[in-house]
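Let's take a walk through this one together. Have the model open and rotate it as you read.

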Amino acid sequence: MSKPVILTVDDEPQVLNAVNRDLRQHYKGEYRIIRAGSGEEALEAVRQLKQRNEMVALFLSDQRMPGMSGTQFLTEALKIYPSARKVLLTAYADTSAAIESINAIGLDYYLMKPWDPPEQHLFPVLDDLLSDWWATVPVPYDGIRVVGTQWSATCHVAKDFLARNRIPYQWLDVELSDDARHLMASYAQEHPMLPIIFLPDGEVLENPDLPTLARKVGLKTQANQPFYDLIIVGGGPAGLGAAVYGASEGLKTLLIEKEATGGQAGTSSRIENYLGFPQGLSGADLAQRATIQATRLGAEILTALNVVAIRVDDPYKYVILSNGGEIGCKALIIATGVSVRMLNVPGIEHLTGAGVYYGAALTEAANYRDQHVFVIGGANSAGQGAMFFSRYAKKVTMLVRGPALELGMSQYLVDQIAATPNIEVVTRSEVVSVQGTNKLQAVIYKNHETGETLCVESPAMFIFIGAMPHTELVKNVVEMNPTGFILTGPDLVQEGKYPKNWKLRRDPYLLETSVPGIFSAGDARAGSTKRVANAVGEGAVCVNFVHQYLKEV
Ligand SMILES: Cc1cc2nc3c(=O)[nH]c(=O)nc-3n(C[C@H](O)[C@H](O)[C@H](O)COP(=O)(O)OP(=O)(O)OC[C@H]3O[C@@H](n4cnc5c(N)ncnc54)[C@H](O)[C@@H]3O)c2cc1C
């Protein structure tokens, strides 16, 4: 944390120099003394200090200045630094203005010019004010600050991105926090797009896109080389598993992830069935460990980069990125997983991110403390979500289409839910619409058991209703089943016939697609078991086949 600031303002250079000389002599060990030649210049300095999250202990301003007077400057500066101590430098003629300021802005003191000797007329006064300031000032957070509103989809995306990438930040809601409003005021734009992200080095990002945000917070977004032995698309458990084995076995390995490493598993509040963790572990913890492990073993990981297509120039493959870049490789693993299916009911589209969330939006849970929230879905991910939100919410209602939770959920979760008094499970029910103008206000659902349609007020609904594979990038490249999952190995050989365009004399390897040298692992692969351990295992096994393939080319 840098030293707190004392800011002096005077339009007369000689007075400004004199006051600075005296302040430096007495305070320079503990404070940073900065100066400005006018109220306007000082105000700009104050805005920049706020953006860098620096502490300001004291404003010492001349009263009589052309343009902005001392009182006017202090009035504006206090909107940004309300707890800074404020002192006016006045001449005899200005005493009445200073006295008015005591009432108008709570002026702490006015000093008569000249203040000689400073040991008698300046330092004792300022020492008192500064020690008083130290006793009351909150130490500012010196990391990344995100300013926005809870009901904004773009704010949710930025918070979720930072949280899932395990980047610490402080959330400041402009509707709830004075500090957030002061910070906004320090940012000169009139109607800024939210969120506004204040970085510790003073840089300010207004509603940045994810690649920009990723780069600015220190994530890697640019590959070191144009060509690799192995590229893995997708940084979930399957991709990370492949990266660990690929890199540790000497392959020049690049992993490209469009959001955050950890994939779906990274959003899980507690994974209880992963080997070796008897107490369970959070998805974020697993993602963190695996990402560090893959990097330590030499894999390069790029974040916030979307692979939009694959180009094959036999035997080489090229991934085409959303930023237009292209990176080549000898072997490619598609480990792009799945994402939650969208719920298509009236009113939902404009509320997504403003009370309606897909998947386990863990970052939002604390915002709904003591409120009634809904979880839609009856599989394990919905069960875990309900358990997690029940720690914060007054009540969690789970709407499940089937007749019983047991049909789609592991028994340990069914038991946990049954033992949690603030979770209500409504079976044979489905959402028919949602209400709210800027934010979710009510969920309307039909209970097929009773035939009733109910409208229940609620600020949040978390949706977990099945999955869609992320396989658009290989749509016309590899063979897929009718629901878009990638076919591999034995699934490609139908009645003894190889897939279309297959020119090799061998069968496709177990996890190889219909293009030699392109493999698939994890949830995106047709027939995979949708589990963390399975995804990790498939990622590792893929690397074994990559080695075999590389011997052929
Ligand atoms: C909330 C929740 C809780 C769960 N709990 C458990 C549990 O307790 N136990 C268990 O065994 N399983 C659990 N699962 C299932 C498990 O998380 C998945 O089976 C596993 O994550 C699948 O891993 P994957 O690597 O195949 O895919 P994913 O985890 O889906 O990862 C795929 C990754 O690829 C990225 N990607 C997609 N397309 C692109 C592209 N074009 N370019 C770049 N990157 C791309 C995605 O952003 C994502 O990060 C849970 C799932 C959820 C949603």
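Start with the rings: two rings of Phe, Tyr or Trp (for Trp, its six-membered ring) count as a pair if their centres lie within 6.5 Å, with planes under 30 degrees apart called stacked, over 60 edge-to-face and the rest tilted. By that rule, ring pairs join Trp151, Tyr357, Tyr368, Phe388, Phe389, Tyr392 and Phe462 into a cluster. Before going further, keep in mind that this is a predicted model, where local features need pLDDT of at least 70 and side-chain atom pairs count only at pLDDT 80 or more, while totals for chains, interfaces and linings use all residues. Residues are numbered from 1 along each chain as its sequence is written, and side-chain values use heavy atoms, with hydrogens and water left out.

Back to the rings, then. The structure holds 19 aromatic pairs. One of them brings tryptophan 151 and tyrosine 368 together in a tilted arrangement, 6.4 Å centre to centre with 55 degrees between the planes. That pair links distant parts of the chain, 217 residues apart: tryptophan 151 is in the loop between strand S6 (144-148) and helix H7 (153-164), and tyrosine 368 is in the loop between strand S17 (356-358) and strand S18 (372-376). Helices (H or I, at least four residues) and strands (E, at least two) here are DSSP runs, numbered from the N terminus.

How buried are these two rings? Tryptophan 151 has a relative accessible area of 19% and counts as buried, and tyrosine 368, at 1%, is buried too. The cut-offs are under 20% relative accessible area for buried, over 50% for exposed and in between for partly exposed, with a 1.4 Å probe and protein chains only. Phenylalanine 388 and tyrosine 392 also make a tilted pair, because their centres are 5.6 Å apart and their planes are at 55 degrees. Phenylalanine 388 is buried at 10%, whereas tyrosine 392 is partly exposed at 23%.

Rings can also sit under charges, which here takes NZ of Lys or CZ of Arg within 6 Å of the ring centre and within 35 degrees of the ring normal. The charged end of lysine 50 is over the ring of tyrosine 81, 5.0 Å from its centre. Arginine 311 does likewise with tyrosine 318, its charged end 4.4 Å from the ring centre.

Now find the ligand. There are 34 residues around it, and the closest are Glu257, Gln264, Asn273, Gln384 and Asp523; a residue is counted if one of its heavy atoms lies within 4 Å. A backbone N or O atom of alanine 238 lies 2.9 Å from a ligand oxygen atom. Ligand nitrogen atoms come up twice: one is 3.0 Å from an N or O atom in the side chain of asparagine 306, and one is 2.9 Å from a backbone N or O atom of valine 307.

Last stop, helix H15. This helix covers residues 532-552, 21 in number, and reaches 31 Å from its first C-alpha to its last, close to the 30 Å expected, taking 1.5 Å times one less than the number of residues. Its buried residues include Val532, Ala535, Val536, Gly539, Cys542 and Val543. Glutamate 538 is in H15 as well, and this residue is buried at 8% relative accessible area. Its side chain makes a polar contact with the side chain of arginine 525 at 2.9 Å (N or O atoms within 3.5 Å; within protein, one must be able to donate a hydrogen and the other to accept it, and residues adjacent in sequence count only if both atoms are side-chain atoms).
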